[in-house]
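Student: Please walk me through this structure, feature by feature. I want to know how to read each one.

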Amino acid sequence: MRKSWRSERLSQLGSSIFAEVAEWRKEAAGKGRDIINLGIGSPDKPPTEAVRKALSEAALRTDIYAYPGTHGSTGFRRQAAAWMEHRFGVKLDPDHELVSLMGSQDGLSHLAMSLCNPGDVVIVPNPGYPIYTAALALAGVEPYLLPLKEENHFLPDLDSVPVEVWERAKFILLNYPGNPVSAVVDLAFFDRLLAKARQYGVLVVHDAAYSEMAFDGHEPPSILAVPGALDGAVEFHSLSKSFNMAGCRIGFLAGNREAVGALRELKENIDYGVFGAVQEAGVAALQEAMSDSAPPKAGVLYEQRRNSFIEALAAEGWAVEKPKATMFAWAKLPERSDGTTWTSREFARGLLDQTGVVVIPGEAFGSEGEGYVRIALVEDEARLREAARRIGAYLKS
Ligand SMILES: Cc1ncc(COP(=O)(O)O)c(C=O)c1O
């Protein structure tokens, strides 16, 4: 009898719902529906011309095709450190406190493997970005799911975590501004979080993928800006959303040198670094963001889209809280016209079948996501208003 050629681990890697939504989308497209895909979190705009030029000029060089090296080029690490100082006032040693990544996903998926032993506990948010728990399954680490509740403005109640969990935990991972919940925090929150974690010798890992996508004048802080944070925290940064470079695959981890060093050591065994031309493009993006002629931040476009979309939804009778940041609305499902409730899966499937609008059921992000859907603002304002109109018709159907 043939053995199974699929590991059991694969089944623990997370929600199959993204694949299901892709199937529903294909089916709806097959029936001739005009699809408005608000499911994916990939920016719909290109990087600036300076970034594209840097990438293409570097790609023409003959000396750039060797293995780039796991740590990242000195040029990229120095530029990333300079940007961290410029943007957040955080001073870093680019040789020991920063490592380049093939997108922050690369680091998020490997960090537990480099920091934890099987049987350790890691505290992650629920709802949360799916790789957080998938990475723990890969590393044989036990997740402790920390609920993010609307009544707490989607901030965690750190005191609700049992002392035994804090004692067994290796790190706690949080994400503000967040995906799928686009909540934001201030530096005082990070200060309290670090103090709590320090009590138990727990590392704080912060995913800052959306740091440049906040609205209404909010400037998301870096956890590393808390005095003494380099003793107890690391932070993931991504150029994907901030500079429309999702396809380039570049980001970095910064902060505590022991944790950065551990990830670097693991990566030395499994990859050879980010393509040099992509690192040059990353340097150009960060340099441009620091220059006097910096382009508007990514958040400016999404703030306008947010305003149009949330207003259009309200006009259709669905009052969704305005996201404070990111490219997502985290929308609490309304009651059905007959007074019953939908599951997030039912809502998303029905909406796609009947209207062609793709959204992600909240359950994809964990049990606390049930009752919500995530709507990505990755189409222009006219298409978003059209999506709102179709959603309105669906709600009334
Ligand atoms: C919260 C969060 N973190 C990290 C990532 C990964 O981004 P990248 O690997 O492109 O840097 C994403 C992508 O959607 C995300 O939403």
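**Contacts, folds and odd angles**

Student: Which residues does T355 touch, leaving out those up to four places away in sequence?

Tutor: R33, D34, R390 and Y394. Contact here means heavy atoms within 4.5 Å. One caution first: this is a predicted model, where local features need pLDDT of at least 70 and side-chain atom pairs count only at pLDDT 80 or more, while totals for chains, interfaces and linings use all residues. Residues are numbered from 1 along each chain as its sequence is written, and side-chain values use heavy atoms, with hydrogens and water left out.

Student: Where is T355 found, and is T355 buried or exposed?

Tutor: Start with the terms. Helices (H or I, at least four residues) and strands (E, at least two) are DSSP runs, numbered from the N terminus. Buried means under 20% relative accessible area, exposed over 50%, and partly exposed lies in between, with a 1.4 Å probe and protein chains only. T355 is in helix α12, residues 344–355. Its relative accessibility is 10%, so T355 counts as buried.

Student: How far is T355 from L263?

Tutor: Sequence and space are two separate scales. The pair is 92 residues apart in sequence and 45 Å apart in space, C-alpha to C-alpha.

Student: Now the whole chain. How many helices and strands does it have?

Tutor: The chain has 13 helices and 12 strands. For overall size, use the radius of gyration, taken over C-alpha atoms; the globule rule is 2.2 Å times the number of residues to the power 0.38. Here the radius is 21 Å, close to the 21 Å that the rule gives for 397 residues, so the chain is as compact as a globular protein of that length. Along the principal axes, the C-alpha atoms fill a box of roughly 60 × 60 × 50 Å.

Student: What share of the residues is buried, and what share of the contacts spans 24 or more positions?

Tutor: Buried residues are 53% of the 397. Among contacts with a separation of 6 or more, 75% link residues 24 or more positions apart.

Student: How many charged side chains are there, positive and negative?

Tutor: Know the counting rule. Lys and Arg count as positive, Asp and Glu as negative, and His and the chain ends are not counted. Each charge is placed at NZ of Lys, CZ of Arg, CG of Asp or CD of Glu. The chain has 42 positive and 52 negative side chains, and the centres of the two sets lie 5 Å apart.

Student: What is the strand order in the open sheet of 3 strands?

Tutor: Two strands pair if DSSP finds at least two bridges between them. The order is β9-β12-β11, with antiparallel pairing. β9 (328–332) and β11 (360–361) stand at the edges with a single partner strand each, so one side of each has no neighbour in the sheet. β9 pairs with β12 (residues 372–376) over 5 bridges. One of the bridge pairs is K332 with Y372.

Student: Which way do the side chains of β6 point?

Tutor: In a regular strand, side chains alternate between the two faces of the sheet. In β6, L203, V205 and D207 point one way, V204 and H206 the other, and all are buried. With 5 of its 5 residues (203–207) buried, β6 is largely enclosed by the rest of the structure. Its parallel partner is β5 (residues 169–174), joined to β6 by 4 bridges. There, I172 has V204 as its bridge partner.

Student: What does Q279 contact beyond four places in sequence?

Tutor: Q279 belongs to helix α10, residues 276–290. Its relative accessibility is 2%, so Q279 is buried. Its contacts are P68, G72, S73, F76, S100, I250 and V274.

Student: Last topic: backbone angles. Where are the cis peptide bonds at P127 and P180?

Tutor: Most residues other than glycine have a negative phi, and most peptide bonds are trans. A cis bond joins N126 and P127, with omega about 5 degrees. P127 lies in the loop between β3 (121–126) and α5 (131–139). Another cis bond joins N179 and P180, with omega about 10 degrees. P180 sits in the loop between β5 and α7 (187–199).

Student: And what is the phi of H153 and of D216?

Tutor: H153 is not a glycine, yet its phi is positive, about 55 degrees. H153 is in the loop between β4 (142–147) and α6 (163–168), and is exposed at 60% relative accessible area. D216 also has a positive phi, near 55 degrees. D216 lies in the loop between β6 and β7 (233–238), and at 52% relative accessibility counts as exposed.
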